[in-house]
Amino acid sequence: MSLLEIDNLATHFFTDAGVVKAIDGVSFAVDRGEVLAVVGESGSGKSVTGLSVMGLIGAPGRIVGGTIRFDGTQIANAPANQMRALRGARIAMIFQDPMMTLNPVLRIDTQMLETINAHRRMPHDAAWTLCRDALGRVGIPSPDERMRAYPHQFSGGMRQRVAIAIALLNDPDLIIADEPTTALDVTIQAQVLHLMQGLVEDRGMGLMWVTHDLSVVAGFADRVAVMYAGEVVEDGRVDDIITAPRHPYTRGLIGSVPSRNQRGVRLAQIPGAAPQPLNRPKGCRFAPRCAYRAEGCEVPQALRDGVRCWRTDALPCADQEVLA
Amino acid sequence: QTLTAGLSAAPSSMDPHFATTGQNQQLAMNLYDRLVHIDAAGNFTPGLATEWEVSEDRLTWTFTLREGVTFTNGSPFTAHDVVYTFERIPEVPNSPAPFTQRLAAISSVEAVDDQTLVVTTAEPAPVLISDLATIYIVSRDAGDAESADFDRGTAALGTGPYRMVSYSPGEQLVIARNDDYWGETAAFEEITIRFLDNAATRVASLQAGEVDFIDAVPPNDLQRLSADDGIDVISAPSARMLYMGVDQLEDTTVQIDPAVGNPFLDVRVREALSLGINREAIIDRIQFGSGAPANQFAPEGIFGHNPDLPTPTYDPERARELLAEAGYEDGWSMTIHGPAGRYVNDTDVLLAVGQMWAQLGLDVEVESVPTNVYFGQATAREFSAFMVAFGITTGESSLALRNVLGSFDEDRGWGSNNRFRYSSPEFDAALGEAFEAFDDAEREAALQEAARIAAEDVAVIPLYWEGNNWAVRANYSFTPSPDGRSLMTNISLD
Amino acid sequence: MTDITQPKTANSPPPVATTEAPFRRVLRDFMRNKVAVAGLILFTLIVFAAVFAPLLAAQDPYDLRSLNIMDSRLSPGEAGFTGAAYPLGTDGQGRDMLSAILYGLRISLGVGVIACTAALMLGLTLGLIAAYSGGRVDTLIMRLVDLHLSFPPILVALILLAVLGRGVDKIVFTLIVVQWATFARVARATALSERKREYVEAAESLGLSRFRIISGHLLPNCLPPLMVLYTVEIASAIALEATLSFLGVGLPATQPSLGLLISNGFQFVLSGQYWISVFPGLALLLLIVSINLVGDHLRDVLNPRNIR
Amino acid sequence: MSDLLTLDNVSKRFSKHIDLAGRLAQKLGAKVSAETVHAVDGVSLGIAAGEVVGLVGESGCGKSTLGRVAAGIHAPSDGEVLWKGAPLEAEAKARLRIQMVFQDPMSSINPRHRIDRVIGEAPVFHGQISAGEKDAFVADLLERVGLDPAYRQRYPHQFSGGQRQRIAIARALAVRPELIVCDEAVSALDVSVQAQVLNLFMDLREEFGLTYLFISHDLGVVEHIADRVVIMYLGRVVESAPVADLYREPLHPYAQALLAEVPRLTTGKRRYTPVKGEIPSPLHPPSGCHFHPRCPLADDQCRAERPALRKVAAGRTVACHKVA
Amino acid sequence: MVYIIRRLMQAVFLAAVMSFVVFAGIYAVGSPVDILIDPEATQAERLRLIAQMGLDRPFHEQYLVFMGNVLQGDFGNSFIYNRPALGLILERMPATLELAFAAIMIAVVLGLPLGVYAGLRPGSVGSQGIMAGSILGFSVPNFWQAIMLIMVFAVMLGWFPVSGRGEVGEFLGIRSSLFTLDGLQHITLPAVNLAIGHLALVIRLARSGVREVEPQDYIRFARAKGLSERRVVFVHILRNILIPIVTVVGMSFGGLIAFAVVTESIFAWPGMGKLIIDSIQLLDRPVVVAYLIVIVVLFIIINLVVDLLYSLIDPRIRIDGGKA
Ligand SMILES: Nc1ncnc2c1ncn2[C@@H]1O[C@H](COP(=O)(O)OP(=O)(O)OP(=O)(O)O)[C@@H](O)[C@H]1O
Ligand SMILES: Nc1ncnc2c1ncn2[C@@H]1O[C@H](COP(=O)(O)OP(=O)(O)OP(=O)(O)O)[C@@H](O)[C@H]1O
Ligand SMILES: [Mg+2]
Ligand SMILES: [Mg+2]
Ligand code: NI
């Protein structure tokens, strides 16, 4: 039994303009000590997936189908109290924009201490020490002073580390990281990746790492789930996916990464853009952009054997294709 | 027993010598006393002076002062206090309505002994007694008190029926019974006088039982308040006449096209305009029946009233005839002016006048000007036909006639309010006589004669005497006094 | 395979669902809210009534000859001296309340709209100039605005009107003086934030003229927040005018605005002739509420966060 | 030199001056100082005709500012910008030869103008085409950037991010520029769309013989498209080299660190060993070599002395005391 | 420091300009003597009064004399009350301040919860009711509300007194009618009257603030930490929406003092507002000018307090120099 198992999850937003099926058929699992990367382009439903697990989908959104099992318990649409007890204690989440994840008007210590107090009784001094140590562990210099600072006195990278420290305060079993490095510079991104790498190894917790950039997680994740238009289209071990992508979309994605191609050569590109969640294609959602589209693609595809493409075996050899 | 009263006008100062204005004087009356009183019939009665006599040459007045009277600080009342008071009055600075005029006739005052006061005038001054009836005697213990010291109460040393407890400018005055008062003991132990200048608020406060007495009841509320069992309404005519002044100085006048000339120079036109006004309708429709059609400044009961003058009746036909006779059958265009918010429903009255004149065939525009600008402009003679009022506060018509109708003459001090420049030698002569006569009957005849001349000349177009209205909670009663003031001493508990 | 490497196949139709112009989109979003639509309809009706007041009204309440004092204070529906009935009664002068309200709406609305439009133009011009020029011009204009805004409008108006006297022109002038600063400040703020947008820089690098950038590029983008402010300010101008009339400054007695009608009737409220004050009061209320409803919803619709 | 555009020792400072109140306070003994940001600090750079120069560096290092100075939007505080050897300032027409494409396709196009105005306004304004020719002109340009000319009556919000970026490119091309400054022109786009736009850039370069100053923080993108790469750190150029040389063997310690951190789509676990420290604030840059607080090689000389940009090999310049 | 000096400079400038404008304005309106003077007075008395008040001198002389005295703290005597103008105003200031304070309290104490509720549950019937009410509150002219309040609550129901300030209590050396039951009864209606418009404003601000802040990442993060909804709303959201509310409340405190003109005159509240309107009507120039100067000073103080509050609420804002 995995730490987190998501099966056929569907979360919809019931807006004035219509029902936005933000995610519709997301399945994957994260084990303890495992790093799962969820990769997909903007709007593919990565964040909504993460928030669904956290039970943080607010009106007008609702989980309308599928299951989320955390440590064996079904938590999709679980009562508010139950979720509140899990959040921050057993499942923690980190967000994309470090400028925005810390409340700008509250001191760091307030924001840290409240996380502890929300879940366990502890003398103030002990809690304070715990927080300070957590800051120290994520590499914030002179944590004692920094505890009393406000978020705006930190740089972006430091803020993201503070957020990570907060997420780790209650020793969670699972961390959901929603593009935590996207807004950071390369050198700072490396610092955060380095930190997370160490933490996962030391603590053996599960990590769900959401990103739109496959290369960020290439050397870091164990498994990858590729999302497209609200569903997981491919799921597998990271090396397999990079070397032998099986879904046409994954292939396109990998082909589009410039550094992998030779300089000056035209990049392989997927034509068009991802469909709007309000009017998605009926059958295979990638079909309109797919180079391998054929008759039979008009029906919805199921995730079979880690791929959501019935023609996967009929595709030409990946290496050839990329060089074409 | 206590009383809470709501008065429409707040005093500008609690210094009894600061201004002669009614709102100041009606409050001072509670705290200070005068040498001479005037009774309801207009006769002079003893106040702090028990008796007085005039010398043969009519220049020296000897007053015998009341004994055993003490000020609220315990010091006895003597002639020295009167001397102090008379000396203080010209010293009060910045007064917009000073008492100096009232003492102008006096050339010297002397305290012969504590109880005897001798006043000398330069010329025979028949009005001295009536002037002295308005002068409040303050203890010389006040020293060189400034007006502000009276507000604070430190200098408020009087011999009146009440003494001052506290005063907050613009908000309220609290007075308490003066147990040492020589006259009739005051009806209330304590009176709180609140200044409520918003009429609706005043009425609402009475209805809600927050105050027991209010003055200046807005006419539109009269009916409703009368219908209320818990409230009594008291109405009395006042000596304040509203009139339309029309420019009679030159051949042209500012608001009328020079080509038309100045129609007001023609007495027929003035008469026509007077006949064109439906005074009853104004009183009935706008003032809700409060007030009386006027034909002269002094209403009945005021010294100088001429009972023989007819009241102009509403007769638009005749008015149009007269206009035609004067050569104005097509009328003319003009703007008439009036103040906004100075008199009860003034703008409405002015609009009504405009309406009525429009119906005579004139092309009338009406402009009501904020009070603060209005009087300046009126004095600067920027209006051709305008509405003002004059209220008689001294009990006789002489000042009204002199200031409003006397020929404008700065040196002589006549016609200071004659903004429309009516000028008649006959009238001036008649009035002059009144000012010199020592004999009351003689003076009255002269004043009546002057009033007659003015009425015949249609010197002004009289509108109405404003009505005064008060309301009390039913267990109180109030007797209005002829001067129209809201005197606490006239209120009693049933 | 060819489609993968063929660059010009990006010609797929625009994936965005909305295909209308921004204005139509705003209109459609606006129409979605029934309350706001009701407000708009109400407002249109009021404007209509105000504009055509001379045709709709039975009487010209500004013409003294048509008034008869004997008809004063008739209750709604009561017949007057001449036999004609007054649907909403008459006031203390014998004015037909309905006619007076129609004419009053005309004045109130006219004063509000004219004053606000002028204030908007003035404020917008100064605000844009301040934002685009920066430096000393900006400082000067903004100091002036600050100076202005640190004074409560009602006080400024009271004093100004005390100096100027009464009259429609004077109150319009006063309202302009009172309101331009608000517009200038908002215009500058939006212009400043718009200025940072890259399309302005793009226009600069395309070598377009200064005037063209301000008027053709900045201006249209600064308008939405200003339009919202504009509606709200019209409402507040009308209310301010009413308050000033109530306090006895502002409009002449012969041309009563709604505020003046209310204030004239105020003295009759407690004495039972409620209609003299209540009907104009209701008219004023409906007018202001309808404007606010429109403005309020406009704000939601124009909120940039709602524009995707 | 045959450079198309030359930046000669160009600096750009942004300062907040002290007003009267500030001076008064100063007199009273308060510490008030004018704050000056040296966004660009003595940069010399030549761009040859037909060349693609990549400009990389971390956030806030002055890339955009340099781009704007190059495009003539900002006047330099110091130094000179030469267009074909003549000062750029003087020639209004020359400034049209340089156009910019910005990062955010949302804000870089006036949302209230139809596409035909967006593209056609400037050429008509400058009299390059007549108003009558506008329609055909715009249609032609749209076709060239891969958009259906039928869309020219639409508003920007009706297009996707990638399409908008094409519109922005068409707008720049409309005034027949020779040099295009692309400021993070593809950073906001999804990988698959980014590939489309990169391809477009390369095609247009060939078609029109364009020269690019290609600003990006994404080293992969720069590697793919640029001929020569310039690396900036805190307002200064630290290294400039042909792309192949640089990626094979970076010389400046900062360049080395940067390239080491680039996420790459490779298989196998990878250890992140980031440079320590944060990017300093440009308000208070470190003394001497700006990089010294983070540099493993730093010594006293680095702390005290600003290293000059030296030529170390053909086409390679470096600003470091420690590079032989 | 700089900030305070700047503020002081502004204040002095403002006061000087205002005093001149008002002085000149009232001079232009006319002479108060014409209103004040007793109709029975003679020309000699009139001239004497004019001379005593110094109104016979040329304008510039009057102004210079006045300003000279002002610099010595003497604003001159009221023409009407014949007392020092400043004293007259200061005497009445407490009543106005207490009224404005009570109104602000009502507006905030009622408005904040209502607005937050409406913001958190945008669609609910309750919140739509609140918003409808707030539009109404916004729309009904102040004086009209006052009349209605008196009609209903004082005359018809008799719950509250119609007018006046009631008994004044003393507490900690401050004399205010807020400290006595009678005083509280008296202040209720006028305070409510004054508050309604601002109540509506606070509701709107709170609502839009909540709608703005709620979707922010840091609120999500707070929820993700497992905090109780109460803490999220009352600590995280509330603190962040306070800024605009404090601004507006601060600004409107000044407005309240001014708008008290209407309320005070209807409820016979013995404050400055009633005084000023009488003074303007009677052209009591010293009082009007002194009043304006007092108001300027009040405004400066209020602004200072608001700015201090800012830096308490929002650590990002430093007193001297806007956003950090
Ligand atoms: N509150 C909401 N109301 C309506 N639609 C929503 C809401 N939140 C998300 N969506 C829609 O759900 C879809 C998925 O959004 P999501 O934020 O999960 O994308 P993402 O993969 O995280 O993208 P990005 O990389 O941009 O963060 C989007 O199309 C978005 O429009
Ligand atoms: N108009 C301006 N006023 C003041 N400072 C500015 C201005 N423009 C830029 N700066 C400052 O100059 C420095 C360099 O900014 P620039 O935008 O050039 O950096 P960048 O390298 O483009 O960063 P990014 O990758 O975030 O776009 C920054 O510290 C910035 O704060
Ligand atoms: Mg996301
Ligand atoms: Mg940049
Ligand atoms: Ni093919």
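Colleague: Why are chain A and chain B described as chains that do not touch?

Modeller: In this predicted model the nearest C-alpha atoms of chain A and chain B are 46 Å apart, whereas contact means heavy atoms within 4.5 Å, and therefore this pair is described as not touching. Chain B and chain D do not touch either, with their nearest C-alpha atoms 42 Å apart. Residues are numbered from 1 along each chain as its sequence is written, with chains lettered from A and ligands numbered from 1 in the order in which they are written. Because the model is predicted, local features need pLDDT of at least 70 and side-chain atom pairs count only at pLDDT 80 or more, while totals for chains, interfaces and linings use all residues, and side-chain values use heavy atoms, leaving out hydrogens and water.

Colleague: Which pair of chains has the most contacts, and what makes up its two sides?

Modeller: Among the 8 pairs of chains that touch, the most contacts are between chains A and D, where 50 residues of chain A meet 43 residues of chain D. The area buried there (the accessible area, with a 1.4 Å probe, that two parts lose on being put together, summed over both) is about 3,800 Å², and carbon and sulfur atoms give 55% of it. On the side of chain A, Val186(A), Thr187(A) and Arg263(A) lose the most area to chain D, together 17% of what that side buries.

Colleague: How many salt bridges and polar contacts does the rule find between chain A and chain D?

Modeller: A salt bridge needs a side-chain nitrogen of Lys or Arg within 4 Å of a carboxyl oxygen of Asp or Glu, and the rule finds 0 of them across this interface. A polar contact is a pair of N or O atoms within 3.5 Å (within protein, one must be able to donate a hydrogen and the other to accept it, and residues adjacent in sequence count only if both atoms are side-chain atoms), and here there are 10 such residue pairs, both residues being at pLDDT 80 or more. Several helices, taken as DSSP runs of H or I of at least four residues, give two or more residues to the chain A side, among them α7 (156-168) and α8 (186-203). The largest share, 10 residues, comes from α8(A).

Colleague: What is the contact between chain C and chain B like in its residues and buried area?

Modeller: That contact takes 20 residues from chain C and 28 residues from chain B, and it buries about 2,300 Å², with 54% from carbon and sulfur atoms. The count of salt bridges is 0, and the rule also finds 0 residue pairs in polar contact with both at pLDDT 80 or more.

Colleague: Why is Ser59(D) said to make a polar contact with ligand 2?

Modeller: A polar side-chain atom of Ser59(D) lies 2.7 Å from an oxygen atom of ligand 2, and since that is inside the cut-off, the pair is therefore called a polar contact. A polar backbone atom of Gly60(D) is likewise 2.7 Å from an oxygen atom of the ligand, and a polar side-chain atom of Thr65(D) lies 2.4 Å from one. Taken alone, ligand 2 exposes 630 Å², of which the protein buries 62%.

Colleague: Where does the shell around ligand 2 come from?

Modeller: In all, 13 residues surround ligand 2, each with a heavy atom within 4 Å of it. Both β2 (35-48) and α2 (63-70) of chain D supply at least two residues of that shell, and α2(D) gives the largest share, 3 residues.

Conventions:
Areas by Shrake-Rupley, 256 points an atom, 1.4 Å probe, with all protein chains shown as cover.
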